[in-house]
Amino acid sequence: MELENLVRTKLNEIGYDLISINSHIEKGEHLLSIVVDRVEPIDMEAIVEVSRVLNAYLDELNPYENSYTLDISSLGAEKPLNKDKLSDYVGRYIHVHLVNPINGENIYEGTLVSQDENQITLEFKVKTRTKTVDITKENISKIRLAIKF
């Protein structure tokens with residue numbers, strides 16, 4: 001638990017959140033797996049930077065007697081979102097799965113135009129027309145970032 005708190009603090013200093021930390025043996029090798037997140041997209045350059053910073057920090061801490069492999073990853077391009085933190089994602093393209101259909105649709109993908117404590121407004125395209133839909137947060141079953149094609 002102490003290592004987790006130290007890693008969380010170091011990640012926060014460089015603008016990341018710790019999602020999980022797991023130390024285990026895989027194929028006879030000690031592996032320290034860390035999953036990170038932030039509001040801005042995480043590309044390979046960001047993963048390399050986090051790895052560089054954590055490698056140096058963990059070398060100072062020397063948390064294990066034996067050698068280990070550090071594995072840094074993110075939640076990915078289509079990461080799940082927290083309904084209570086959607087203000088960070090206004091303007092981003094998202095995928096919303098509903099509990100109860102709106103206009104006969106259970107799934108909407110579009111740009112998050114606005115949000116408040118009770119609902120979100122999503123802008124989406126139907127052929128060449130742009131439409132909006134208001135969705136109450138209690139009607140959201142799952143919500144995640146989406147990749148726009």
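**Stop 1: the β6–β7 hairpin**

Select residues 119-126, strand β6. Then add 129-136, strand β7. Together β6 and β7 form a hairpin, with two residues between them. Click on lysine 127 in the turn: its phi is positive, about 55 degrees. This is a predicted model, so treat what you see on screen as a prediction.

Now look at how the two strands line up. β6 and β7 pair in the antiparallel sense, over eight bridges. Show phenylalanine 124 and find lysine 131 of β7 opposite. Next show glutamine 119, which stands opposite threonine 136 in β7.

**Stop 2: back to β5**

Select residues 105-115, strand β5. β5 and β6 make a hairpin as well, with three residues between them. The two strands run antiparallel and are joined by four bridges. To see one pair, pick leucine 112; its bridge partner in β6 is leucine 122.

Stay on β5 and select glutamine 115. Is glutamine 115 buried, partly exposed or exposed? Its relative accessible area is 23%, so glutamine 115 is partly exposed; the cut-off for buried is under 20%. Which residues does glutamine 115 touch, leaving aside those up to four places away in sequence? Show Leu86, Ser87, Val90, Ile120 and Lys137. Then draw a distance from glutamine 115 to threonine 136, C-alpha to C-alpha. The gap in space is 9.5 Å, while the two are 21 residues apart in sequence.

**Stop 3: the five-stranded sheet**

Add β4, residues 93-102. Add β8, residues 140-145. β4 and β8 pair in the antiparallel sense over five bridges. Show leucine 98 and its bridge partner in β8, isoleucine 140.

Zoom out to the whole sheet. In what order do its five strands lie? Read across: β7-β6-β5-β4-β8. The sheet is open and its pairing is antiparallel. Why do β7 and β8 each have one side without a neighbour in the sheet? Both stand at the edges, and each has a single partner strand, so one side of each is left free of a sheet neighbour. Turn the view to look along the strands: the twist averages 40 degrees from one strand to the next.

**Stop 4: the three-stranded sheet**

Move to another sheet, also open, with three strands in the order β1-β2-β3. The pairing here is mixed. β1 (17-26) and β3 stand at the edges with a single partner strand each, so one side of each lacks a neighbour in the sheet. Neighbouring strands are turned by 20 degrees against each other on average, direction ignored.

Select β1 and β2. They pair in the antiparallel sense over nine bridges. Show asparagine 22, whose bridge partner in β2 is serine 33.

Now bring in the helices. α1 packs on this sheet and touches β1 and β2. Its direction makes about 135 degrees with that of β1. α2 packs on the sheet too, touching β2 and β3. The direction of α2 makes about 145 degrees with that of β3.

**Stop 5: along α2**

Select residues 44-61, helix α2. How far does α2 reach from its first C-alpha to its last? The span is 25 Å over 18 residues, close to the 26 Å expected at 1.5 Å a residue. Step just past the helix to asparagine 62, where phi is positive, near 50 degrees.

Color the buried residues of α2: Ala46, Ile47, Val50, Ser51, Val53, Leu54, Tyr57 and Leu58. Look for a pattern in the numbering. An α-helix has 3.6 residues a turn, so residues three or four places apart point the same way. What covers the buried residues of α2? The cover includes α1 (2-13), β2 (29-37) and β3 (69-74).

**Stop 6: where α1 meets α2**

Show both helices together. α1 and α2 pack at an angle of about 140 degrees, with their axes 11 Å apart. That angle makes α1 oblique to α2. The crossing is right-handed.

Finish on the contact itself. On the α1 side, show Leu3, Leu6, Val7, Lys10 and Leu11. On the α2 side, show Val50, Val53, Leu54, Tyr57, Leu58 and Leu61. Among these, Val50, Val53, Leu54, Tyr57 and Leu58 were in the buried set you colored on α2.

Definitions and conventions: Residues are numbered from 1 along each chain as its sequence is written. This is a predicted model: local features need pLDDT of at least 70, side-chain atom pairs count only at pLDDT 80 or more; totals for chains, interfaces and linings use all residues. Side-chain values use heavy atoms; hydrogens and water are left out. Two strands pair if DSSP finds at least two bridges between them. Axes are lines fitted to C-alpha atoms, for helices over the stretch in contact, and angles run from 0 to 180 degrees between N-to-C directions. The expected span of a helix is 1.5 Å times one less than its number of residues. Buried means under 20% relative accessible area, exposed over 50%, partly exposed in between (1.4 Å probe, protein chains only). Contact means heavy atoms within 4.5 Å. Angles under 35 degrees count as roughly parallel, over 145 as roughly antiparallel, 65 to 115 as roughly perpendicular and the rest as oblique. A crossing is left-handed if the near helix is turned anticlockwise from the far one by less than a right angle, and right-handed if clockwise.
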